[in-house]
Amino acid sequence: METLEKIARAAIAYDKGDPKRIHHLLKVHAFARLIGLREGLDPRTLFRLEAAAYLHDIGIHEGERRFGRNDGKIQEELGPDVARPMLEGAGITGEDAERILWLIGHHHTYTSIDGLDAQILAEADMLVNPYEDGTSRQQNEALYQRLYKTEAGKQLFEELYLKEWSPVRQGC
Ligand SMILES: [Fe+2]
């Protein structure tokens with residue numbers, strides 16, 4: 001099994017019985033990979049980004065179990081300790097593991113974004129959350145202005161939330 005596949009399978013197994021969380025991690029991974037490819041990330045950075053995308057919310061269940069909350073802060077605090085054995089189990093160590101754990105521990109803190117991997121992870125997460133949370137057009141526009149920097153992320157956000165859908169007219 002490939003390393004990223006192991007991470008995905010470990011995250012899904014950990015979140016078993018909670019399809020909302022499993023769908024979320026798969027969607028965020030898909031968007032992160034799309035943006036990473038379009039932004040031309042080198043293979044190692046792309047690998048770290050993809051692993052972090054699968055695991056970014058892995059602290060949610062621990063937060064709910066121990067503290068009855070699953071907000072961004074508790075995800076950042078608890079996520080790395082849940083993710084660490086999963087990374088070890090997939091054979092990810094050293095600087096790769098450290099960066100992935102750092103990304104998990106900071107993915108809601110936009111002021112700490114210090115690289116394209118962190119930027120893309122935050123953008124990918126917020127391509128999914130407005131749909132899942134049912135945010136307003138006004139909230140989406142504010143989020144777009146506040147967060148989005150990559151061309152690929154901006155385009156995806158516009159296509160998802162800022163452009164009007166209209167049926168294709170045929171035969172006119
Ligand atoms: Fe998320």
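Okay, let's start at the metal: the iron ion has 4 donor atoms, the angles among them run from 85 to 170 degrees, and the site comes out as irregular. Keep in mind that this is a predicted model. Why irregular? Because four donors count as tetrahedral only if all angles lie between 85 and 135 degrees, and the range here goes up to 170 degrees. For orientation, ideal angles for four tetrahedral donors would be 109.5 degrees. One caution before anyone gets excited: water is not among the atoms, so sites may look incomplete.

So who holds the iron? Two histidines and two aspartates: H24 and H56, each through NE2, plus D57 and D125 through OD, at 2.2 to 2.3 Å. If you want to find them along the sequence, the spacing reads H-x31-H-D-x67-D. H24 and H56 bring distant parts of the chain together, being 32 residues apart: H24 sits in helix α2, residues 19–38, while H56 is in the loop between α3 (43–55) and α4 (60–67).

Are those two histidines buried or exposed? H24 is buried, with a relative accessible area of 4%. H56 is buried as well, at 0% relative accessibility. The cut-off for buried is under 20%, so both qualify.

Right, on to α4, the helix that follows the H56 loop. Its buried residues include I60, E62 and G63. They cover an arc of only 165 degrees around the axis, so they end up on the same side of α4. And what does α4 pack against with its buried residues? Three helices: α1 (3–14), α2 and α5 (72–89). Remember that α2 is also where H24 lives. Just past the end of α4 you'll hit G68, which has a positive phi of about 65 degrees.

Last stop, α7, which spans residues 116–133. The residue I'd click on there is D117. D117 is buried, at 5% relative accessibility. Leaving out residues up to four places away in sequence, D117 touches T45, L49, R99 and L103.

T45 and L49 take us back to α3, because they belong to its contact with α7. The two helix axes come within 10 Å and cross at roughly 35 degrees, and the crossing is right-handed. On the α3 side the contact is made by T45, L49, A52 and A53; on the α7 side, by D117, I120 and L121.

That's the tour. If you have the structure open, start from the iron ion and its donors H24, H56, D57 and D125, then go over to D117 in α7.

Terms used
Residues are numbered from 1 along each chain as its sequence is written. This is a predicted model: local features need pLDDT of at least 70, side-chain atom pairs count only at pLDDT 80 or more; totals for chains, interfaces and linings use all residues. Side-chain values use heavy atoms; hydrogens and water are left out. Donors are N, O and S atoms within 2.8 Å of the metal (3.2 Å for Na, K and Ca); water is not among the atoms, so sites may look incomplete. Four donors count as tetrahedral if all angles lie between 85 and 135 degrees; four count as square planar and six as octahedral if opposite donors are over 155 degrees apart and all others between 65 and 115; anything else is irregular. Helices (H or I, at least four residues) and strands (E, at least two) are DSSP runs, numbered from the N terminus. Buried means under 20% relative accessible area, exposed over 50%, partly exposed in between (1.4 Å probe, protein chains only). The arc is that of the directions from the helix axis to the C-beta atoms. Contact means heavy atoms within 4.5 Å. Axes are lines fitted to C-alpha atoms, for helices over the stretch in contact, and angles run from 0 to 180 degrees between N-to-C directions. A crossing is left-handed if the near helix is turned anticlockwise from the far one by less than a right angle, and right-handed if clockwise.
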